[in-house]
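Let's learn to read a ligand site and a cavity together. Have the picture open as we talk.

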Amino acid sequence: MTEQSPALDNLLTESRSFPPGAEFADAANVGPDVYGAAEEDREGFWAEQARRLSWDTEWSRVLDWSGAPLAKWFAGGRLNVAYNCVDRHVEAGFGDQVAIHWVGEPGDTRDITYAQLKDDVSRAANALVSLGVVAGDVVAIQLQMVPEAIVAMLACARIGALHSVVFGGFSPTALRARVDDAAAKVVITSDGQYRRGKAAPMKANVDEALAGAESVEKVIVVRRTGDALEGATPWVAGRDVWWHDLVDGQPAEHRPEAFDSEHPLFILYTSGTTGRPKGILHTSGGYLTQAAYTHHVVFDHKPGVDVYWCTADIGWITGHSYIVYGPLANRVTQVVYEGTPNTPHEGRHWEIIQKYKVSIYYTAPTLIRTFMKWGADIPAKYDLSSLRVLGSVGEPINPEAWIWYRDTIGASRTPIVDTWWQTETGAIMISPLPGVTATKPGSAQRALPGISAKVVDDTGAEVPPGGGGYLVLDKPWPSMLRGVWGDDERFRETYWSRFAEQGFYFAGDGAKYDADGDIWLLGRVDDVMNVSGHRISTTEVESALVSHPTVAEAAVVGATDPTTGQGIVAFVILRATHTTDGDGEEAVQELRNHVAKEIGPIAKPRQILIVAELPKTRSGKIMRRLLRDVAENRTIGDVTTLADSSVMDLISAGLNTGK
Ligand code: ATP
Ligand code: MG
């Protein structure tokens, strides 16, 4: 690349903007002055946020960055994370408040109050202690979205053991790799899980995964599907124990011990969108501070008033920070749903929102685009008037999907918070504040108060308004990762080597500033396409495609091209109302022209393929690297975190026959 060429071209413009309603702004948890205050005294600001929590010993230093890039936040402070999420709310008189409205996929429900949660977590903590689990041990948890999953995580936190949660749908190989990587001593799982209306075995997979796993001493099994599964649950005598046999008889009293602010809290593997997942380590005081603070300001959460629902799975960071730690530290009342969004019907989420009067709903663009595909008439059948804040996380949200979300789900009234962050950042970093920011469809906009993010060029210099480049975090933040488990080299190489001279954390994402200086995320730097010297982001071409009324989802990749260097290849899913017969040649031409009109001829896809599905990680992100393999006729790469591996065969077959 020459020195003049920008790291990323800026192609798509978006001028719509939605200021918060006056009433919302007046009642909001924070006002516009919060940015200035945080900027003036960053450490003082974070110390103030840490006081949301209850500490056994106050810290002696807010930030110790002397061992950079390994930070120590609230050094010398001591606290118990589980006490902060549960006990203190009971002690403050809120024991009867519902913490979790749990909804099982088959329709069974449980309401769990903070008082009950305290007893459950205490019993589970006593149970782990009875098995010999001590602070610093690792407990692997492979569970679907049942209350025991949250109880198990909090029980680990309570005794200072690290949890390593593994998504319930992962294969034995993926589980085994994670168990071995961290030498887990105990594994917690269930007999089976409900998915799409059927009971599927889980324990059998766990047994397969653990054959010969030397570190594992005990396997605790939650009974969930019971008789709905055929045959007895496979059992290894001496190793396996039922959750109810082990936990139910334990005393409901457990004295939480205070741990160092930097005591490890958990290991969690990244989604694997760009390659082999990384085991990210998070610690206690800084992590909980930022999770709680961001949940409070980004969602404008009011304890005891709002009903909150984050649709993520606890197998991902969003489930950790925005189902378990942030919300519970803030005394949330939340919905936890076990199943898939179309079981038994495509209105399941709206039905749940209507029933529990959910006021804050936090989901992923992939699901929003799926809802669009299913049609607006489905949510229209339900009363969604309780909603007052909508959130998005996981991928850039295409402006059209954003508008659909606001209009169709949010009655053209609710603010949308598009939250950018990563497993590594631990908590939200860039997002609008719903009572402050005039939101823009498709932009995460601005680093939160207390956080600093920049878009820089190849040399690490900040790009001007309107410019594109690399997203970096130029100042340490409380919930930052404390390493890649067992791989210090990978930690330094992946995040800290690109801009080592400046000491920036390199996020791996491309971004641009608009004329107002707001940040727009443009997808993975690895995915950026180079067409005749223009550096084009996948996000902008995808958003242009999704802005066409017939398109539900789009993924684009750059494939080697003899004349232009790379050519743009697009994979497109049409909306339910627009399925084409045959090869859809006319539809394809129209879409190519549409992209040229929206963002310019340079971005006109060389090839557009209409497909029924796209390859996605289990966390719902499009895996472009696999599509690139297809487009370039290569062997398909690592698919272990793919939600449905048959999707790739279908796409390859379609490509080879020219469809
Ligand atoms: P891996 O690191 O293994 O490739 P991953 O990056 O998908 O997996 P996560 O930590 O779950 O793992 O995802 C973080 C990434 O998700 C971010 O780096 C970014 O690319 C994307 N992302 C998350 N939220 C947003 C958002 N609001 N806007 C744009 N991109 C987002
Ligand atoms: Mg990543």
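Q: Which strands each supply at least two residues of the shell around ligand 1?
A: Strands are DSSP runs (E, at least two residues) and helices are runs of H or I (at least four), numbered from the N terminus. Here, strand 20 (416-419) and strand 24 (519-524) each do so. This is a predicted model, where local features need pLDDT of at least 70, side-chain atom pairs need 80 or more, and totals for chains, interfaces and linings use all residues. Residues are numbered from 1 along each chain as written, chains are lettered from A and ligands numbered from 1 in written order, and side-chain values use heavy atoms, without hydrogens and water.

Q: How many residues surround ligand 1?
A: A residue is near a molecule if one of its heavy atoms lies within 4 Å of it. Ligand 1 has 20 such residues, and Thr423 is among the closest.

Q: Where are the polar contacts?
A: Look for a pair of N or O atoms within 3.5 Å. The side chain of Thr423 has an N or O atom 2.5 Å from an oxygen atom of ligand 1. For Arg524, the side-chain distance to a ligand oxygen atom is 2.9 Å. Asp418 places a polar side-chain atom 2.8 Å from a nitrogen atom of ligand 1.

Q: What does a probe show?
A: Rolling a probe the size of a water molecule over the atoms shows where empty space is left.

Q: Which helix gives the most to the lining of the largest cavity?
A: Helix 16 (residues 538-546) does, with three residues. Among the other lining residues are Arg369 and Ile622.

Conventions: A polar contact is a pair of N or O atoms within 3.5 Å; within protein, one must be able to donate a hydrogen and the other to accept it, and residues adjacent in sequence count only if both atoms are side-chain atoms. On a 1 Å grid over the protein atoms alone, a cavity is a set of points where a 1.4 Å probe fits but cannot get out, and a pocket is an open set with protein on both sides within 12 Å along at least five of seven lines; lining residues have an atom within 4 Å of a point.
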